[in-house]
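Hi everyone, thanks for coming. I have one structure to walk you through today, so please get the picture up on your screens and follow along with me.

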Amino acid sequence: MPSGLPSVPLAGVSEVFDSIGSFFDSLAHVNFLALAIGLVLFIVYLTIRSRGFFNVLRAAYPTETIQWRRVWGAYIAAYGFNNVIPARGGDVIKVFLIKTSIDRSTYPAITAAMSVEALFDLSIAIPILIFAFTQGVFPKPPEFADLGAFDLSFLFANPKLSLFLATLLVVGGFVAFAWLSERARRFWAKVRQGFTILQDRRRFFREVWLVMFGAYIVRLAAFWALLEAFHVGGSVRNVLLVHGINAVAALMPFTPGGAGVQQAFMVKVFAASATGATVAAYSVGQQIAIAVVCLGVGFVALVKIFGFRSFKEVIRAGKEHRMAEAAAAGGPDGPVARS
């Protein structure tokens, strides 16, 4: 390979396929009762979390009628789609479904409302990652490039390219802001509307943080059941380590659900807890199971709640909706000014 090109390791890809093989080889040994409990708990986790998001939207649009079942349906459908398609394409579906479910809502406000959840995620992820890094089994950032995961290997093996891409995104943001300067005031007014609940810290803590913390406890219980299902062993320590792994994987948009990163971390972290084949089966098995269930429930929500017959149809409808709003506003910049 020419020296001027960044190295793209493929080992992580083969390891994912090896883990899939281990999963199917170990199906006879899976505790299906524990697996079912874990999957049901995971849907309950998403359901409770969607209620926190519903409260964020209700604060942003206090005079509009908002149906929780439509927020729940959009939330589940987006999560299911994100688990099979990289680059978080499900978030686009969520924004469109919510936008068309709330009268007089705007894309900037809904996108901002979605980001409110990140404040809770950050408040939980930081202490969990501190715990994980102090356990002696969690790889340190300098070791990420050696884990074999494509996402991490590419970024950490090519720091100059990664820095260039990050800088390009920042510069592009400033250029876009300057280009939209005349509309910026109205645009940011809509963005601030999505953050309305943050103006009342007690309400945010009561209706968002505590609700999502309850969802987080259910998620930990789901992880415990899934660890038991694949015979890795459920424990507080193992559950928190899995959460730490998921926190890192969530930052990697190149594969659905950060698949390669999850497998690489789990094989490293649980090397002393179970055999390599058992950990490999768990690492991919729990992700396949969650993806299939969430995708299935999300598809039913699309059909029963929103009337769409496929994810492809809702994506096409979303594009047509944005184009129609742009045309109604008098040009391609319309959604910024009017939507």
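Let's start with Arg104, which is exposed, because its relative accessible area is 67%. You can find Arg104 in the loop between helix H4 (89–99) and helix H5 (107–133). What is the sign of phi at Arg104, a residue that is not a glycine? Here phi is positive, at about 60°. For background, most residues other than glycine have a negative phi.

I should say right away that this is a predicted model. The average pLDDT for the protein chain is 78, and 71% of the residues score at least 70. Please be careful with residues 331–339, where the pLDDT is below 50. That stretch has 22 contacts in the model beyond near neighbours in sequence. Residues 1–14 also stay under 50 in pLDDT, and the model gives them 17 contacts beyond four places in sequence.

Now let's zoom out. How many helices and strands does the protein chain have? The count is 14 helices and zero strands, and reading along the sequence you simply meet α after α. Of the 339 residues in the protein chain, 48% are buried. Here is a nice number for thinking about the fold: take the contacts between residues at least 6 apart in sequence, and 71% of them join residues at least 24 apart.

For an example of residues brought together from separate parts of the sequence, look at Ala60. This residue belongs to helix H2 (residues 32–60). Is Ala60 buried or exposed? Ala60 counts as buried, because its relative accessibility is 6% and the cut-off for buried is under 20%. Leaving out residues up to four places away in sequence, Ala60 touches Gln193, Gly194 and Thr196. Also, Ala60 and Ile110 are 50 residues apart along the chain, yet 8.7 Å separates their C-alpha atoms.

Next comes my favourite part, helix H9. This helix covers residues 201–229, which is 29 residues. From the first C-alpha to the last, H9 reaches 40 Å, close to the 42 Å expected at 1.5 Å a residue. Where does H9 bend? Look at Trp209: the bend there is about 30°.

Stay with Trp209, please, and let's talk about rings. The model has ten aromatic pairs. One of them is Phe205 with Trp209, a stacked pair at 5.6 Å centre to centre, with 20° between the planes. Why are Phe205 and Trp209 separated by about one helical turn? They are four residues apart in helix H9, so about one turn lies between them. In general, an α-helix has 3.6 residues a turn, so residues three or four places apart point the same way.

The pattern carries on along H9. Trp209 and Phe213 are both in this helix, again four residues apart, about one turn. Their ring centres are 5.2 Å apart and their planes lie at 10°, so this pair is stacked. How accessible are the two partners of Trp209? Phe205 is partly exposed, with a relative accessible area of 43%, and Phe213 is partly exposed too, at 30% relative accessibility. Putting it together, ring pairs link Phe120, Phe205, Trp209, Phe213 and Tyr216 into a cluster.

Rings can have charged partners as well. The charged end of Arg51 sits over the ring of Trp68, 4.7 Å from its centre. Lys99 lies over the face of Tyr107, and the distance to the ring centre is 5.5 Å.

Let's follow H9 out of its end. Just after the helix we meet His231, with a positive phi of about 65°. His231 lies in the loop between H9 and helix H10 (236–249). His231 counts as partly exposed, because its relative accessibility is 48%.

One last stop: Glu313, which is found in helix H13 (residues 311–328). Is Glu313 buried or exposed? Glu313 counts as buried, because its relative accessibility of 17% is under the 20% cut-off. Setting aside neighbours within four places in sequence, Glu313 is in contact with Gly307 and Phe308.

That's my tour. If you take one picture home, let it be H9, with its bend of about 30° at Trp209 and the ring cluster that includes Trp209. Thanks for listening!

Definitions and conventions: Residues are numbered from 1 along each chain as its sequence is written. This is a predicted model: local features need pLDDT of at least 70, side-chain atom pairs count only at pLDDT 80 or more; totals for chains, interfaces and linings use all residues. Side-chain values use heavy atoms; hydrogens and water are left out. Helices (H or I, at least four residues) and strands (E, at least two) are DSSP runs, numbered from the N terminus. The expected span of a helix is 1.5 Å times one less than its number of residues. The bend at a residue is the angle between axes fitted to the seven residues ending there and the seven starting there. pLDDT is the predictor's confidence in each residue, from 0 to 100. Contact means heavy atoms within 4.5 Å. Rings of Phe, Tyr and Trp (its six-membered ring) pair if their centres lie within 6.5 Å; planes under 30 degrees apart count as stacked, over 60 as edge-to-face and the rest as tilted. Buried means under 20% relative accessible area, exposed over 50%, partly exposed in between (1.4 Å probe, protein chains only). A charge sits over a ring if NZ of Lys or CZ of Arg is within 6 Å of the ring centre and within 35 degrees of the ring normal.
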